[in-house]
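Here's a quick tour of a fold, written for someone who likes cut-offs spelled out. Have the viewer open as you read.

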Amino acid sequence: MKITNDRIILDSDPRIRSKSEPVALPLSKEDEELLRAMITYVRDSQDDEIAEREGLRPAVGIAAIQLGIPKQLIAVSVPTEDGSDEFALANPKIVSESVQNAYLAQGEGCLSVLEEHEGLVYRHARITVKGYDLLRGENVRIRATGYTAICLQHEIDHLFGTLFYDHIHTEDPWREDPEAMVIG
């Protein structure tokens with residue numbers, strides 16, 4: 001299975017607001033194949049040569065619902081100084097979160113959202129996520145901070161039909177939180 005941009009549904013498609021269902025473990029062959037294709041898309045989108053050749057939009061994550069498939073599957077690959085934080089998760093769940101907020105200075109984007117939405121998207125600065133990670137072949141507990149935490153929260157939000165711009169304050173999109181961690 002190969003994922004291309006034309007398979008990604010946009011926020012104008014009502015399916016993007018669907019709640020995703022948990023998947024059975026061990027993963028079915030179909031779910032494993034889908035999750036492998038999702039992490040491959042994310043990795044390939046970060047490789048300039050492959051992305052240009054295949055016309056991929058850059059991404060750090062993708063959720064199955066963005067392909068119109070309401071299953072609790074997400075793939076995240078966040079470049080770091082010493083490689084990348086990579087996860088191909090089934091049934092991810094945030095089990096703890098910090099009180100402190102964080103946000104990306106340049107704002108968030110999404111493969112399913114083509115229009116720009118200006119404003120601060122506050123998320124938790126630190127989270128702990130539990131789920132089954134296909135890349136490691138086991139149930140994991142991930143402690144994430146900063147950019148990786150934001151990316152995981154963004155993708156997990158998709159499982160509940162929530163888009164990043166739902167977090168932007170409607171009356172004051174640039175509302176300050178002096179305690180928030182600014183990333184980037």
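Which residue in β8 is the bridge partner of Leu 104? That would be Ile 183. Before going further, a word on the ground rules: this is a predicted model, where local features need pLDDT of at least 70, side-chain atom pairs count only at pLDDT 80 or more, and totals for chains, interfaces and linings use all residues. Residues are numbered from 1 along each chain as its sequence is written, and side-chain values use heavy atoms, with hydrogens and water left out.

**Sheet and hairpin**

Strands here are DSSP runs of E with at least two residues, helices are runs of H or I with at least four, and both are numbered from the N terminus. Two strands pair if DSSP finds at least two bridges between them. Back to β8, then: β4 (residues 101-104) pairs with β8 in the parallel sense, over three bridges. Both belong to an open three-stranded sheet ordered β5-β4-β8, with mixed pairing. Its edge strands, each paired on one side only, are β5 (123-124) and β8 (181-183).

Elsewhere, β6 and β7 run antiparallel and are joined by eight bridges. One partnership there links Ile 127 with Ala 144 in β7. The two strands make a hairpin with four residues in between, and Gly 137 in the turn has a positive phi of about 70°.

**Cores**

A nonpolar core means a set of buried Ala, Val, Leu, Ile, Met, Phe, Trp, Tyr and Cys residues joined through side-chain atoms within 4.5 Å. Buried is under 20% relative accessible area, exposed is over 50%, and partly exposed is in between (1.4 Å probe, protein chains only). The largest such core has 26 residues, and Ile 74, Leu 89, Val 129, Ile 142 and Leu 152 have the most contacts inside it. At least two residues each come from β2 (73-80), β3 (83-97), β6 (126-133), β7 (138-145) and α3 (146-158). The largest share, four residues, is from α3.

Leu 152 is a good one to click on. With contact meaning heavy atoms within 4.5 Å, and neighbours within four places in sequence left aside, Leu 152 reaches residues including Ile 74, Phe 87, Ile 127 and Ala 144. Apart from this core lies another, of 25 residues, among them Ile 8, Ala 37, Met 38 and Ile 50.

**Pockets**

On a 1 Å grid over the protein atoms alone, a pocket is an open set of points where a 1.4 Å probe fits, with protein on both sides within 12 Å along at least five of seven lines; lining residues have an atom within 4 Å of a point. Grid points are joined across faces, edges and corners, and the volume is the space filled by probe spheres set on the points.

| Pocket | Volume | Lining residues nearest the centre |
|---|---|---|
| Largest | about 360 Å³ | Pro 58, Val 60, Gly 109, Cys 110, Leu 111 |
| Second largest | about 220 Å³ | Gln 106, Gly 107, Glu 108, Glu 116, His 117 |

α3 turns up again, giving the most to the lining of the largest pocket, with five residues. Pro 58, one of the residues closest to that pocket's centre, sits in the loop between α2 (48-54) and β1 (61-63). Pro 58 is exposed, at 70% relative accessible area. Not counting residues up to four places away in sequence, Pro 58 touches Ser 45 and Leu 111.
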